[in-house]
Amino acid sequence: MRTSQAWFLSAALGLALGSLAQAAWAGPDEDMAKAGCTACHTKDKKLVGPAFKDIAAKYKGQDVSAKLFDKVRKGGSGVWGPIPMSPNGPDKIGDAELHAVIAAILKL
């Protein structure tokens, strides 16, 4: 194989692996956007649902990760007003990603 071909293949492989790694290491912000959370929530302001900062403030110092995980999975209403939150299953956001998202929100 010629040097230029080897370099091209190495570069292509590096780009492909980099893209896969980036997808595998997406952060909570990317996971929230991909799952559709940001259609109803923002970090700083109430939209349809409460702001993530308001959620963090409401539950500050409480161990509510499991409660919020369940709330996201099952949906519900009444805590933040009459507009219900629809259920969000593992097809929208995986368990590990949801746990990471909840942890990130609670740290705001």
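**Helices, salt bridges and pockets**

Colleague: Which helix gives the most to the lining of the second largest pocket?
Modeller: A pocket here is an open set of points on a 1 Å grid over the protein atoms alone, where a 1.4 Å probe fits and protein lies on both sides within 12 Å along at least five of seven lines; lining residues have an atom within 4 Å of a point. At least two residues of this lining come from each of α2 (28-35) and α5. With three residues, the top contributor is α2.

Colleague: Before we go on, what sort of model is this?
Modeller: Residues are numbered from 1 along each chain as its sequence is written, and side-chain values use heavy atoms, with hydrogens and water left out. Local features need pLDDT of at least 70, side-chain atom pairs count only at pLDDT 80 or more, and totals for chains, interfaces and linings use all residues, in what is a predicted model.

Colleague: OK, so how many helices and strands does the protein chain have?
Modeller: Helices (H or I, at least four residues) and strands (E, at least two) are DSSP runs, numbered from the N terminus. Along the sequence you read α-α-α-α-α. That comes to five helices and zero strands.

Colleague: Which residues of α2 are buried?
Modeller: Let's use relative accessible area with a 1.4 Å probe, protein chains only: under 20% is buried, over 50% exposed, and in between partly exposed. On the face of α2 turned away from its buried side, you find the exposed residues Asp 29 and Lys 34. The buried residues of α2 are Asp 31, Met 32 and Ala 35.

Colleague: Why do Asp 31, Met 32 and Ala 35 count as lying on the same side of α2?
Modeller: The arc is taken from the directions between the helix axis and the C-beta atoms. The buried residues of α2 sit on the same side because they cover an arc of only 100°.

Colleague: What covers the buried residues of α2?
Modeller: Contact means heavy atoms within 4.5 Å. By that test, the cover over α2's buried residues includes α3 and α5.

Colleague: And α4, which of its residues are buried?
Modeller: Over on the exposed side of α4 are Ala 66, Lys 67 and Lys 74. Cover for the buried residues includes α3 (52-58) and α5 (95-106). In α4 (residues 65-74), the buried ones are Leu 68, Phe 69, Val 72 and Arg 73. They lie on the same side of α4, because the arc they cover is only 135°.

Colleague: Which residue takes a positive phi just after α4?
Modeller: Just after α2, Gly 36 has a positive phi of about 90°. After α4 the phi is about 75°, and the residue is Gly 75.

Colleague: How many salt bridges does the structure hold?
Modeller: I count a salt bridge when a side-chain nitrogen of Lys or Arg is within 4 Å of a carboxyl oxygen of Asp or Glu. One of them joins the side chains of Lys 53 and Asp 44 at 3.4 Å, N to O. The total is three.

Colleague: Which residue forms a salt bridge with Lys 74?
Modeller: Lys 74 is exposed because its relative accessibility is 58%. Its partner lies four residues away in α4, about one turn of the helix. With the closest N and O atoms 3.4 Å apart, that partner is Asp 70.

Colleague: How far apart are N and O in the salt bridge of Arg 73 and Asp 95?
Modeller: Arg 73 counts as buried because its relative accessibility is 13%. Asp 95, at 43%, counts as partly exposed. Their side chains meet with an N to O distance of 2.7 Å. This pair links distant parts of the chain, helix α4 and helix α5, 22 residues apart.

Colleague: What is the volume of the largest pocket?
Modeller: Its lining has 34 residues, with His 41, Pro 50, Ile 55, Val 72 and Met 85 nearest the centre. Volume here is the space filled by probe spheres set on the points, with grid points joined across faces, edges and corners. For the largest pocket that gives about 710 Å³.

Colleague: Which helix supplies the largest share of that pocket's lining?
Modeller: α3, α4 and α5 each supply at least two residues of it. The largest share, five residues, belongs to α5.
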